[in-house]
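Open the model in your viewer and keep the sequence panel visible. The stops below go from single residues to the whole chain.

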Amino acid sequence: MTTSFNPPVRRLMGPGPSDVHPRVLGAMARPTIGHLDPEFSRMMEEVKEMLRYAFKTKNALTIPVSGPGSVGMETCFVNLVEAGDTIIVCQNGAFGGRMKENVERCGATAVMVMDDWGKPVDVAKVEDALKANPGVKAVAFVHAETSTGVQSDAAAICALAQEHGVLSIVDAVTSLGGTPVLTDEWGADAVYSGSQKCLSCMPGISPVTISEKAADVVRSRNHKVQSWFMDLNLVMGYWSGEGARVYHHTAPINPLYAIHEALVMLEEEGLEQAWARHAAMHSALRAGIEAMGLSLIVDEAYRLPQLNTVSIPEGVDEAAVRGALLSRYNLEIGAGLGDLAGKVWRVGLMGQSATGEHVTLFLSAMEDVLSEQGAAINTGAALPAARAVLG
Ligand SMILES: *Cc1c(COP(=O)(O)O)cnc(C)c1O
């Protein structure tokens, strides 16, 4: 007979999911109620309000979309892009490639602005593309590229979009809660995120915020959105104010309790304090990594604190290292993707995984496993270096 599944308890320091706090897991276990129950509606309103806080926006259309980050991404594209449109898509890693796929599957044309993996989006090239392609409807880019650990200049790209009178679509899956996402200040039109990165909730919910201008574009489309499930014209009826809710789909009730709790925890800590914590833990990790003789491949000017791409020393079997970290220390880190496969490890310091304990566990475990593999590293230096930063 099949028995219950009891997962091991891991420390999650990869590209997501991050560690989920017991308070969030506990919230998930509370009694399931009806998704049109007035108490559930009350909770939904609080989730929307707390998401506005996290996104730094007043956008009325700010909701937790039912599905992982990819559904948030697709929601933005299928609603804002119609067949025949032209969209500028910036690609400097894995996720920009998914944006291109989304645009093309909407029957639109993607004008690509390409930059190397490990580099940010080149703002000057975006401007050239806007000048060379009058009639473009939107510019889409990834704020925090989880495949490389690079942050692009969202303020500058959104400002260019506004200057040219086009919409901006921003992937903030890895940035929300970890580094500043300033939706209203940037003038961003559509921003989507995920629950399992710096918000430290379980995967399956995608926070999305849409500006009034973008909501008007959705309302005045020439053709119905090809996805019934993601059609914001219908979803808006479900997520709109008290008393007016119309059944669209059954919301994932218990995961919404979980994101409610994760957002309560974010408010308790304070958004700015959460950003500062991610930056401080990154500094400690970096000090330890460099003292060990390893390096971060991304330039400091545009390096993400919550996703660190660490170079693999000569002669080391990178998969064996990840395997040993997992089996011996219950510690998960990520492999390189795409152009960086086999060249880097991806070490996440996201949400609840951005603590001094995580940093020191990673450094000591890594030193143990790399020494065993005979890698040329400095032993005994990483922890004192990290501790000097942690205080
Ligand atoms: C993780 C991630 C996604 C996809 O989110 P899922 O929850 O895995 O669907 C999209 N964009 C970026 C930048 C990500 O890091």
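**Stop 1: a loop residue**

Select Lys224, in the loop that runs between helix H8 (212-219) and helix H9 (232-239). Bear in mind that this is a predicted model. Is Lys224 buried or exposed? Its relative accessible area is 78%, and the cut-off for exposed is over 50%, so Lys224 counts as exposed.

Add Asn79 to the selection and draw a C-alpha to C-alpha distance to Lys224: the value is 8.9 Å. In sequence, Lys224 and Asn79 are 145 residues apart.

**Stop 2: a strand residue**

Move to Ser168, which sits in strand E8, residues 167-171. Switch on the surface and look for Ser168. With a relative accessible area of 1%, against a cut-off of under 20%, Ser168 is classed as buried.

Which residues is Ser168 in contact with, once neighbours within four places in sequence are set aside? Show Val139, Cys158 and Ala161, then Gly187, Ala188, Asp189 and Ala190; these residues make up the list.

**Stop 3: the two domains**

Colour residues 21-268 as domain 1 and residues 271-390 as domain 2, following the domain assignment. Place a marker at the C-alpha centre of each domain; the centres of domain 1 and domain 2 are 29 Å apart. Now display the residues where the domains meet. On the domain 1 side 30 residues are in contact with the other domain, and on the domain 2 side 22 residues take part.

**Stop 4: the whole chain**

Zoom out and switch to a cartoon view. The protein chain has 14 helices and 14 strands. Its radius of gyration is 21 Å, close to the 21 Å that the globule rule gives for 391 residues, so the chain is as compact as a globular protein of that length. A box drawn along the principal axes around the C-alpha atoms would be roughly 65 × 55 × 45 Å.

Colour by accessibility next. Of the 391 residues in the protein chain, 56% are buried. The chain exposes about 15,600 Å², with 54% of that area supplied by carbon and sulfur atoms.

A contact map gives another view. Among contacts in the protein chain with a separation of 6 or more, 72% join residues 24 or more positions apart.

Finally, select the charged side chains. How many are positive and how many negative? The protein chain has 30 positive and 44 negative side chains, and the centres of the two sets lie 2 Å apart.

How values were computed: Residues numbered from 1 in each chain as written. Predicted model: local features only at pLDDT ≥ 70, side-chain atom pairs only at ≥ 80, totals over all residues. Heavy atoms only, no water. Helix = DSSP H or I, 4+ residues; strand = E, 2+ residues; numbered from the N terminus. Rg over C-alpha atoms; globule rule 2.2 N^0.38 Å. Buried < 20%, exposed > 50% of the residue type's maximum accessible area, 1.4 Å probe, protein only. Contact = heavy atoms within 4.5 Å. Areas by Shrake-Rupley, 256 points an atom, 1.4 Å probe, with all protein chains shown as cover. Lys, Arg positive; Asp, Glu negative; His and termini not counted. Charge placed at Lys NZ, Arg CZ, Asp CG, Glu CD. Domains from an automatic or database assignment.
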